Amino acid sequence: DRFSADTPDSAVIVGWGLAQLRRPHAALLEAFYFDGHSVADIAAAGATSERAIEGRLRRARAGLRRKLARVMRRD
């Protein structure tokens, strides 16, 4: 079976991965992907630059990817 973002199991796995991240990274990913806020919106709300938010998103995605890779590994 391939991993699909459309399955209920996927939501559980992503939720678990977000819970494993530092709260600021999880909150940023949630704001961007689940709440639909743009980089510009997040930057304005946090009184920071869009470039800084893009960097934080990149690091947060990488962290989530590492967490999920642990549970998605198959022997």
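## A tour from helix α4

Select Arg59 to begin: this residue lies in helix α4, where helices (H or I, at least four residues) are DSSP runs numbered from the N terminus. The model is a predicted one, in which local features need pLDDT of at least 70 and side-chain atom pairs count only at pLDDT 80 or more, while totals for chains, interfaces and linings use all residues. Residues are numbered from 1 along each chain as its sequence is written, and side-chain values use heavy atoms, with hydrogens and water left out.

Arg59 is partly exposed, with a relative accessible area of 48%; on this scale buried means under 20%, exposed over 50%, and partly exposed in between, with a 1.4 Å probe and protein chains only. Now add Arg22, Arg51, Arg56 and Arg58 to the selection, and together with Arg59 these side chains gather in a patch of positive charge on the surface. Members of such a patch have over 30% relative accessible area and no salt bridge, and like charges are joined within 9 Å, with the place of an Arg charge taken as CZ. Lys and Arg count as positive, and the areas come from the Shrake-Rupley method.

Step back to the whole chain before moving on. The protein chain has 4 helices and 0 strands (a strand being an E run of at least two residues), so that from the N terminus on its elements run α-α-α-α. Of its 75 residues, 25% count as buried.

Next, select Leu64, which also lies in helix α4. Leu64 counts as buried at 14% relative accessibility. Show Gln20 with it: the C-alpha atoms of Leu64 and Gln20 are separated by 8.1 Å, although the two residues are 44 apart along the chain. Gln20 is found in helix α1 and is partly exposed, with a relative accessible area of 37%. In the same helix α1 (residues 8-20) is Leu18, which is buried, with a relative accessible area of 9%. From the C-alpha of Leu18, draw a distance to that of Arg61, 43 residues away along the chain, and the value should be 9.9 Å.

Turn to Arg23 and Glu30, whose side chains meet in a salt bridge at 3.1 Å, N to O. The term requires a side-chain nitrogen of Lys or Arg within 4 Å of a carboxyl oxygen of Asp or Glu, and a search of the whole structure finds 1 salt bridge. Side chains of opposite charge can pair when their charged atoms come close. Of these partners, Arg23 is exposed, with a relative accessible area of 51%, whereas Glu30 is partly exposed, at 23%.

Now display the rings of Phe32 and Tyr33, whose centres are 4.8 Å apart and whose planes stand at 90°, so the pair is edge-to-face. Rings of Phe, Tyr and Trp (its six-membered ring) pair if their centres lie within 6.5 Å, and planes under 30 degrees apart count as stacked, over 60 as edge-to-face and the rest as tilted; by this rule the count comes to 1 aromatic pair. Phe32 is partly exposed, with a relative accessible area of 24%, and Tyr33 is likewise partly exposed, at 47%.

Finish at Ala47, in the loop between α3 (39-45) and α4 (50-72). Check the backbone here, as Ala47 has a positive phi of about 50° although it is not a glycine. Ala47 is exposed, with a relative accessible area of 74%.

Conventions: Patches are made of residues with over 30% relative accessible area and no salt bridge: like charges are joined within 9 Å, nonpolar side chains (Val, Leu, Ile, Met, Phe, Trp, Tyr) within 5 Å. Accessible areas come from the Shrake-Rupley method with a 1.4 Å probe; for residues, only the protein chains shown count as cover.
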